[in-house]
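Colleague: Please take one part of this model and go through it closely, with the criteria behind each term. I would like one connected account rather than a list.

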Amino acid sequence: MDVDQLYEKAFSAFGPQDWWPAETPWEVVVGAILTQQTSWKNVEKAIANLKANGLVENDPLKLANAPLKTIQACVKCTGFYRQKAGRLKKTAAHFAENYARIGDFFKKPVAEARKELLSLDGIGPETADSVLLYAAGKPVFVIDAYTHRVCGRALGKKFGSYSEAQAFFEKAIPQDAEKYKEFHALIVELAKRHCKTRPICGGCPLEKGCAQFKASKKRGN
DNA sequence: ACCCAGGTGGCCC
DNA sequence: GGGCCACATGGG
C-alpha cells in the first residue's frame with residue numbers, strides 16, 4: 001500500500017475529520033503546547049479554564065501578562081503543568097513583544113517562521129509544524145508518534161527520524177495544506193482505533209479482515 | 001497496579 | 001546523531 005492508497009482508504013473509512021477546532025490561530029498555538037503528551041480531552045478543559053479567565057483571545061497579550069499561578073491552575077489538568085504554564089507565558093511574551101498582531105508572524109516565510117518557533121522553549125518539531133499547518137495554513141506535514149506507528153504497519157516503513165518521515169510525506173503528497181491537515185488527522189484517527197503498542201493484526205489495519213478495526217467501529221469511536 | 005496520552009529539553013556517549 | 005530521563009495529571 002502506498003501513501004495515496006492509505007489516504008483514500010482512511011478517508012473513505014472515517015470521512016473528513018474537521019480537526020483542530022480552535023476559534024483563532026493563537027488558540028491553535030496554545031492548544032499545540034498543551035496537547036503535548038496529553039489527550040485532547042484534557043486540553044479542551046484547560047482551554048475552557050483559560051477562556052473563563054479571559055486569557056485566550058486572538059492575541060497573546062493576556063497570557064503574557066497573566067500571573068503564572070493562574071495559568072498553572074488553568075492548565076493543571078493537562079499534566080506537566082508547571083512546565084506548560086511557564087512555556088505558554090514565555091511564548092505569549094515572545095509574540096506580544098515582537099509583533100503588533102500575531103497574524104504578522106503567520107505571514108512570514110515558512111522556513112523563517114519554523115526556525116523562530118523552534119527557538120522557543122517548549123516548542124519542538126511537532127509543535128512547530130502543527131502551528132505552521134493548523135494556525136498559519138502552511139503546507140507542512142506534521143509527524144507524531146502515531147505517524148511512525150501507522151506507517152510502520154500500513155506502509156511497511158520505518159523512519160529513523162522526524163525529518164526523514166516528514167521529507168517522505170512531503171515528497172509523496174502534493175504541497176497542499178488542506179490535504180496535509182486532513183491526512184494527519186486521519187493518521188491519528190487510524191492509530192487510535194487500533195492496538196496502541198503492538199503491531200497490528202499482521203498487516204494494514206484497513207483491510208477487511210482486521211478484527212480490531214471492526215471492534216472499534218462497533219464501539220463507535 | 002499498571003499503561004498510555006496529538007512531546008520537549010537536558011544530559012550523556 | 002541517538003538513547004535515556006524527568007516532567008504530571010487524568011482515564012482506561
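Modeller: What follows starts from the domains, moves to the surface near the DNA and ends with the packing of helices. The model is predicted, with local features needing pLDDT of at least 70 and side-chain atom pairs counting only at pLDDT 80 or more, whereas totals for chains, interfaces and linings use all residues. Residues are numbered from 1 along each chain as its sequence is written, while chains are lettered from A and ligands numbered from 1 in the order in which they are written.

The domain assignment (automatic or from a database) divides chain A into domain 1 (3–17 + 141–219) and domain 2 (25–135). Their contact, in which paired residues have C-beta atoms, placed from the backbone, within 7 Å, draws 7 residues from domain 1 and 6 residues from domain 2. On the domain 1 side, helix α12 (residues 177–192) contributes the most, with 3 residues; helices here are DSSP runs of H or I of at least four residues, and strands are runs of E of at least two, numbered from the N terminus. By class, that side has 5 nonpolar, no polar and 2 charged residues, where Ala, Val, Leu, Ile, Met, Phe, Trp, Tyr, Cys and Pro count as nonpolar, Asp, Glu, Lys and Arg as charged, and the others, Gly among them, as polar.

Around DNA strand C, the residues include Gln37, Lys41, Asn42, Lys76, Arg82 and Ser161, a residue being near a strand if its C-beta atom, placed from the backbone, lies within 6 Å of it. The elements giving two or more residues to this surface are α3 (40–52) and α6 (81–98), and α6 gives the most, with 3 residues. The surface near DNA strand C has 3 nonpolar, 6 polar and 3 charged residues.

Both of those helices also pack with helix α2 (residues 25–34), beginning with α3, whose axis and that of α2 come within 10 Å and cross at roughly 130°; axes are lines fitted to C-alpha atoms, for helices over the stretch in contact, and angles run from 0 to 180 degrees between N-to-C directions. The two helices α2 and α3 are therefore oblique to each other, since angles under 35 degrees count as roughly parallel, over 145 as roughly antiparallel, 65 to 115 as roughly perpendicular and the rest as oblique. In passing α3, α2 makes a right-handed crossing, the near helix being turned clockwise from the far one by less than a right angle, whereas an anticlockwise turn would be left-handed. From α2 come Glu27, Val30, Gly31 and Leu34, and from α3 Val43, Ala46 and Ile47, a set that divides into 5 nonpolar, 1 polar and 1 charged.

With α6, α2 packs at an angle of about 150°, their axes being 10 Å apart, which makes α2 roughly antiparallel to α6. The crossing of α2 and α6 is right-handed, and the contact joins Val29, Val30, Ile33 and Leu34 of α2 to Lys84, Arg87, Leu88 and Thr91 of α6. By class, the contact of α2 with α6 has 5 nonpolar, 1 polar and 2 charged residues.

Methods
Two residues are in contact if their C-beta atoms, placed from the backbone, lie within 7 Å.
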